[in-house]
Amino acid sequence: MPNPAAPLLAIPATLVLALGLMIMPLPEWLSPWRPEWLAMAVLYWNMALPRRVGVGTAWIAGLLLDVARGALLGQHALALALIAWIAIRLHQQVRFAPLWQQAITVGGMLALYLLVILWVDGITGHEPGTWRYWAPLLTSIPCWPLVFVLLRGVRRRWCPHLA
């Protein structure tokens with residue numbers, strides 16, 4: 001029988017791990033290609049457990065990413081909260097779709113996430129990036145099946161009674 005506190009630890013642990021992957025140093029040539037691990041983890045939990053992991057969780061995760069990256073406070077929080085709201089609204093349609101269709105849908109949400117961050121950067125006077133700004137989208141879409149399978153395993157092992 002699973003520990004009753006396990007869901008309280010499993011979900012935040014996966015989000016902290018995803019945050020760690022977002023701030024882990026990478027070689028300069030590889031850094032622009034880093035997948036959006038935190039956004040994908042938030043999206044998974046929003047679709048898998050929409051009553052447990054909501055927009056507030058996404059907002060907090062985004063604030064932590066803002067602080068960790070030294071970004072404008074609230075920038076990633078706003079973007080993550082927006083795509084979390086969309087994921088929760090669409091969770092019935094998306095969660096039972098084949099993985100390739102999920103990857104396309106998640107790619108659309110991640111494109112919106114990156115667009116909101118680009119918009120906030122533009123409002124605050126930062127120069128728009130090159131085409132490499134969109135590189136995380138190109139690496140995140142193929143990573144979605146891996147994220148889905150790994151986090152589904154965590155959910156089935158540590159949070160089987162949550163729905």
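# Burial, contacts and a nonpolar patch

Me: Which residues make the nonpolar surface patch, and what is its area?

Reply: In this predicted model, Trp59, Ile60, Leu64, Leu78, Trp119 and Ile123 form a nonpolar surface patch of about 630 Å². Helix H3 (55-69) and helix H5 (99-123) each contribute at least two of its residues. The greatest contribution comes from H3, with three residues.

Me: Why is Leu64 called partly exposed?

Reply: Leu64 belongs to helix H3, and its relative accessibility is 46%. A residue is buried under 20% and exposed over 50%, with partly exposed in between. The value of 46% falls between these two limits, and Leu64 is therefore partly exposed. It also passes the patch requirement, because 46% is over the 30% relative accessible area demanded of patch residues.

Me: What makes Asn46 buried rather than exposed?

Reply: Asn46 is placed in helix H2 (residues 37-48). Its relative accessibility is 0%, and the limit for burial is under 20%, so Asn46 counts as buried.

Me: How do you know that the side chain of Asn46 reaches the backbone oxygen of Val53?

Reply: The distance from the side chain of Asn46 to the backbone oxygen of Val53 is 2.8 Å. A polar contact requires N or O atoms within 3.5 Å, one able to donate a hydrogen and the other to accept it. The 2.8 Å distance lies within that cut-off, and the pair therefore meets the distance condition. Beyond four places in sequence, Asn46 touches Val53, Gly54, Ala84, Ala87, Ile88 and His91.

Me: Why is Ala84 called buried?

Reply: Ala84 is a residue of helix H4. Its relative accessible area is 0%, which is under the 20% limit, so Ala84 is buried. Residues up to four places away aside, Ala84 touches Val42, Asn46, Val55 and Ala58. Its C-alpha atom is separated from that of Tyr44 by 9.4 Å, and these two residues are 40 apart along the chain.

Me: What makes Thr14 buried, at a relative accessible area of 11%?

Reply: The 11% of Thr14 is under the 20% limit, and Thr14 is therefore buried. Thr14 lies in helix H1. Its contacts, apart from neighbours within four places in sequence, are Trp45, Leu151 and Val154.

Me: How do you know that a polar contact joins the side chains of Thr14 and Trp45?

Reply: The side chains of Thr14 and Trp45 are joined at 2.9 Å. The cut-off for such a pair is within 3.5 Å, so the value of 2.9 Å satisfies it.

Me: Why does Leu19 count as buried?

Reply: Leu19, in helix H1, has a relative accessibility of 15%. The limit is under 20%, and Leu19 is therefore buried. Outside a range of four places in sequence, Leu19 touches Leu38, Leu64, Leu65 and Ala68. The C-alpha atoms of Leu19 and Leu38 are 5.5 Å apart, while the two residues are 19 places apart along the chain.

Me: Which residues have the most contacts inside the largest nonpolar core?

Reply: The largest nonpolar core has 44 residues, and Leu38, Leu43, Trp45, Leu80, Tyr113 and Trp144 have the most contacts inside it. Two or more residues come from each of helix H1 (6-23), H2, H3, helix H4 (75-94), H5 and H6. H2 gives the most, with 10 residues. As for Tyr113, its contacts beyond four places in sequence are Glu36, Ala39, Leu65, His76, Ala79, Leu80 and Ile83.

Me: What makes Trp134 partly exposed?

Reply: Trp134 sits in the loop between H5 and helix H6 (135-158). Its relative accessibility is 31%. That value lies between the 20% and 50% limits, so Trp134 is partly exposed. Apart from neighbours within four places in sequence, Trp134 is in contact with Ala111, Leu114, Leu115 and Leu118. The C-alpha atoms of Trp134 and Leu115 are separated by 9.2 Å.

Me: Why is Thr124 called partly exposed?

Reply: Thr124 is also found in the loop between H5 and H6. Its relative accessible area is 39%, a value between 20% and 50%, and Thr124 is therefore partly exposed. From Thr124 to Leu72 the C-alpha distance is 8.9 Å, across 52 residues in sequence.

Conventions. Residues numbered from 1 in each chain as written. Predicted model: local features only at pLDDT ≥ 70, side-chain atom pairs only at ≥ 80, totals over all residues. Heavy atoms only, no water. Patch = residues over 30% accessible without salt bridge, like charges linked within 9 Å, V, L, I, M, F, W, Y side chains within 5 Å. Areas by Shrake-Rupley, 256 points an atom, 1.4 Å probe, with all protein chains shown as cover. Salt bridge = Lys/Arg side-chain N within 4 Å of Asp/Glu carboxyl O. Helix = DSSP H or I, 4+ residues; strand = E, 2+ residues; numbered from the N terminus. Buried < 20%, exposed > 50% of the residue type's maximum accessible area, 1.4 Å probe, protein only. Contact = heavy atoms within 4.5 Å. Core = buried A, V, L, I, M, F, W, Y, C linked by side-chain atoms within 4.5 Å.
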